[in-house]
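Grab a pencil and open the viewer. Here are some exercises, each followed by a solution that you can trace step by step.

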Amino acid sequence: MMASELERNRQRVKQLLEKPGNGKCADCGAADPEWASYTLGVFVCHSCSGLHRNIAQISKVKSLLLDPWSSSELEFIDSVGNNVAKAKYEKLVPAFFYRPTYKDCLLLRDQWIRAKYERKEFMSVERQEAYSSGYREGFLWKRGRDNGQYLSRKFILSEREGVLKYFNKQDAREPKAIMKIDNVNATFQPAKIGTPHALQITYLKDNSTRNIFVYHEDGKEIVDWFNGIRAARLHYLQVAFPGASDSELSPKLTRNYLKEGYMEKTGPKHTEGFKKRWFTMDDRRLMYFKDPMDAYARGEVFIGSKENSYTVLPGLPPNVQGYHWQFGITIVTPDRKFLFACETEQDQQDWIAAFQIVINKPMLPQD
C-alpha cells in the first residue's frame, strides 16, 4: 500500500470514529474505541477486541491506528458502524438481560458478545429460552460452610413459586435453603471467590443477610442462571409495582456492591481495640464480616442521607485510644458515631467517596 494511501485511510478511520455511535465501544460502552471488527463492522475497545478473538470464525479485528486497512474494509465498516449493528444484533434484548459495561467482569462481557454475534440470541425470541422460561434446574458448585470445599448441589429457580432453592442430596425431598425472589441478589465476584465463573448470591434469612457462593465450569451456564434470576425478579417487581416501567425496574433486578474491602472498626464506646474486618457496602447497608467469604455478617450499619443528618468525615475524634491504621473515617449518624480506619490514604479516599454517594442520595420510602 502506498504511503499516501495509508495516510488517506488513516484520515478516513478518524472520520468514521466521529460518526454517531462509533465513539464508544459497541459492546461495553467504553469511550474512544481503538479497534474494529472488519467482518461485523463494529468499533470496539482493546479489552473487547480480545473477546472478539474468541469468536474468530465470526469476527476478525484489527487496530484502527496500528494495522493497515484496505479501502474495501473501510467501505464495509462505514456501511455498518455501531448504531446499525446494534439495531440488528440487539433488536430483542429482554428488559431483564444484564448489559455489561467496561466496569464488569470479563465473563459477563464475553458471554454478551457471544450471545449477540455468535448465538444471535437477540435476533429471535426462541433463542432466549435458557433464561426466560421462568423455570430452571441444574447443578452448581456451592462452597461448603465448614472447610470451604465446593460441593455439587442441585438448584431450582421457580418464578411461579417465587423462589430459588437448593438441595444437599440428590434425592432430598426438602430443600436445604429457600431464597425468596423478592429479596435475592446475585453478583459476579471472580476476584473474591478466585474463579472467573463465580456468583455471590445473597438473600434474607430471619432478617439477616445470608451469602452463598457458587460457580459453574461453563461460562454460559452461570450467566444464564444470573439472567434467569433477573427475569424472575423483573416479573416479581412488575406485579409488586404495577405502575412502574421496565426501565424503572431494571436497575432493581440485581445490584453490584458499591465497594468492598478491609477496614478496621471499634465498638460503640470507642474504648475497645480496633479489629480488622471485611466490609461490603450494599445499597444503604454497610455490612462487616470476619472473613470475605463468611455466610453471615457480624453486624451492619445503616447509612441514611444527609437530610437525615448522616455525614462522613475524614479522620477520627482526637480522644480515640489504641493502636489502629492511621487513615481514619468517622460516620456521624443521628444516634452515634461509627469509627473506621483504613490502611492507606487511597483506601480512605475511596471509602469516603462511596459513603458520600450513599449519603447524597435522597432516601426512598422503602429504605
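**Exercise 1.** Which residues does Phe97 touch, not counting residues up to four places away in sequence?

*Solution.* Keep in mind that this is a predicted model. Start by finding the residue: Phe97 sits in the loop between helix H4 (81-89) and helix H5 (106-118). Now list its contacts, leaving out residues up to four places away in sequence: Trp112, Glu121, Phe122, Tyr131, Asn227 and Arg230.

**Exercise 2.** Decide whether Phe97 is buried or exposed, then find how far its C-alpha atom lies from that of Ala85.

*Solution.* Take the relative accessible area of Phe97, which is 6%. The cut-off for buried is under 20%, so Phe97 counts as buried. For the distance, go to Ala85, 12 residues away along the chain: the two C-alpha atoms are 18 Å apart.

**Exercise 3.** Work out the strand order of the open sheet that contains S4, and say which strands are at its edges.

*Solution.* Walk across the seven strands and you get S7-S6-S5-S4-S10-S9-S8, with antiparallel pairing. The edges are strand S7 (177-180) and strand S8 (185-188), each pairing on one side only. Neighbouring strands here are turned by 35° against each other on average, ignoring direction. Next, zoom in on one pair: S8 and strand S9 (residues 198-205) are antiparallel and share four bridges. Within that pair, Thr187 is opposite Gln200 in S9.

**Exercise 4.** Which helix packs on this sheet, and what angle does its direction make with that of S4?

*Solution.* Look for helix H8 (residues 219-240), which packs on the sheet. The strands H8 touches are S4 (135-143), S5 (150-158), S6 (163-167), S8, S9 and S10 (208-215). Its direction makes about 120° with that of S4.

**Exercise 5.** Do the same for the open sheet that contains S11: what is the order, and why do its edge strands have a side without a neighbour?

*Solution.* The seven strands run S14-S13-S12-S11-S17-S16-S15, again with antiparallel pairing. Strand S14 (299-302) and strand S15 (311-314) each have a single partner strand, so one side of each has no neighbour in the sheet. Strand S11 (residues 259-265) and strand S17 (residues 337-342) run antiparallel and are joined by two bridges. There, Lys265 is opposite Phe340 in S17.

**Exercise 6.** Which residues does UniProt list for "domain: PH", and what are the helix and strand shares of those spans?

*Solution.* The unreviewed UniProt entry gives residues 133-234 and 256-360. Residues 133-234 are 20% helix and 46% strand, with end C-alpha atoms 13 Å apart. Residues 256-360 are 15% helix and 38% strand, and their end C-alpha atoms are separated by 19 Å.

Note on methods
Residues numbered from 1 in each chain as written. Predicted model: local features only at pLDDT ≥ 70, side-chain atom pairs only at ≥ 80, totals over all residues. Heavy atoms only, no water. Pairing = 2+ DSSP bridges. Axes fitted to C-alpha atoms, helices over the stretch in contact; angles between N-to-C directions. Contact = heavy atoms within 4.5 Å. Buried < 20%, exposed > 50% of the residue type's maximum accessible area, 1.4 Å probe, protein only. UniProt positions renumbered as here; feature names shortened; annotations may be inferred.
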